[in-house]
Amino acid sequence: MKLILKTPTAQYSDEIASFREEFLQDGSSMDGCYNLRGLKNPNDWIKYCDDCSKMETVPAHWVVSTQFIYVRECDDRIVGMIQIRHYFNEFLEKYGGHIGYCVRPSERKKGYAKQMLRDCLPYCRKIGLKKILVSCIDSNEASRKTIVSNGGTYESTVFYAKAGVNLERYWIDLI
Ligand SMILES: CC(C)(COP(=O)(O)OP(=O)(O)OC[C@H]1O[C@@H](n2cnc3c(N)ncnc32)[C@H](O)[C@@H]1OP(=O)(O)O)[C@@H](O)C(=O)NCCC(=O)NCCS
């Protein structure tokens, strides 16, 4: 099964809307796709992704970051989304890490998250990252396995008071 990381464009507007709707229906956590939950119009979200990709337009509270959609080639369906933050702010350094991702509920347990994280590592190298921090809530078995299967080494667990959760922090060495 061929899957490709792509930059979100208007060509995928309907797919982005359907991806979002599926998460809302399922009540599932949407990680690594900015505020897709709050942005009903896919074009607003696409513009937001573009703004975040450039130093001149990134919102003050965030960092330059690259958003990918993960597209299955055979049916052009978005199965997942992944976001790479190029550097840290205080929140990312302690809690959020370099990468966030999610796979749509109907496409889970097919190995897509593992593959998607693996596929974005060359891009992380390309933008100069030597190692990346990926964190997950301690009860998120699927995410932990995704990280560990991509070479993640456990460093520490921190309590994120705002959400009342323990976050496990893992480093993936890119050298
Ligand atoms: C976490 C998430 C991305 C996993 O996506 P996925 O495509 O189902 O994951 P994969 O199929 O690649 O599976 C990865 C591993 O987790 C295991 N796994 C998948 N779902 C699982 C579950 N519900 N419980 C326990 N293990 C699970 C798989 O068996 C696999 O393990 P393996 O390495 O032993 O083979 C997906 O559940 C999701 O989007 N969740 C909501 C958002 C989220 O939590 N994002 C991560 C934030 S850190």
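This report describes the surroundings of the ligand in a predicted model, then the salt bridges of the protein.

**The ligand and its pocket**

The ligand occupies the largest pocket. Its shell is made up of 20 residues, and Y101, V103, K109, G111 and N140 are the closest of these. Sorted by class, seven residues of the shell are nonpolar, six are polar and seven are charged.

Several helices and strands take part in the shell. At least two residues each come from β4 (99-103), α4 (112-126), β5 (131-137) and α5 (141-149). Helix α5 contributes the most, with five residues.

**Polar contacts with the ligand**

Three polar contacts with the ligand are set out in the table below. Here a polar contact is a pair of N or O atoms within 3.5 Å.

| Residue | Part of the residue | Ligand atom | Distance |
|---|---|---|---|
| D31 | side chain | nitrogen | 3.3 Å |
| R108 | side chain | oxygen | 3.3 Å |
| K109 | backbone | oxygen | 2.8 Å |

K109 thus appears with a backbone atom, whereas D31 and R108 take part through their side chains. On its own the ligand would expose 940 Å², and the protein buries 74% of that area.

**Salt bridges**

Side chains that carry opposite charges can pair when their charged atoms come close. How many salt bridges does the model have? With a cut-off of 4 Å between a side-chain nitrogen of Lys or Arg and a carboxyl oxygen of Asp or Glu, the count is 13.

One salt bridge joins E22 and R77, whose closest N and O atoms are 3.6 Å apart. This pair connects distant parts of the chain: E22 belongs to helix α1 (residues 13-26) and R77 to strand β3 (residues 77-85), with their positions 55 residues apart in the numbering.

Notes: Residues are numbered from 1 along each chain as its sequence is written. This is a predicted model: local features need pLDDT of at least 70, side-chain atom pairs count only at pLDDT 80 or more; totals for chains, interfaces and linings use all residues. Side-chain values use heavy atoms; hydrogens and water are left out. A residue is near a molecule or strand if one of its heavy atoms lies within 4 Å of it. A polar contact is a pair of N or O atoms within 3.5 Å; within protein, one must be able to donate a hydrogen and the other to accept it, and residues adjacent in sequence count only if both atoms are side-chain atoms. Accessible areas come from the Shrake-Rupley method with a 1.4 Å probe; for residues, only the protein chains shown count as cover. On a 1 Å grid over the protein atoms alone, a cavity is a set of points where a 1.4 Å probe fits but cannot get out, and a pocket is an open set with protein on both sides within 12 Å along at least five of seven lines; lining residues have an atom within 4 Å of a point. A molecule sits in a cavity or pocket if more than half of its atoms lie within 2 Å of its grid points. Helices (H or I, at least four residues) and strands (E, at least two) are DSSP runs, numbered from the N terminus. Ala, Val, Leu, Ile, Met, Phe, Trp, Tyr, Cys and Pro count as nonpolar, Asp, Glu, Lys and Arg as charged, and the others, Gly among them, as polar.
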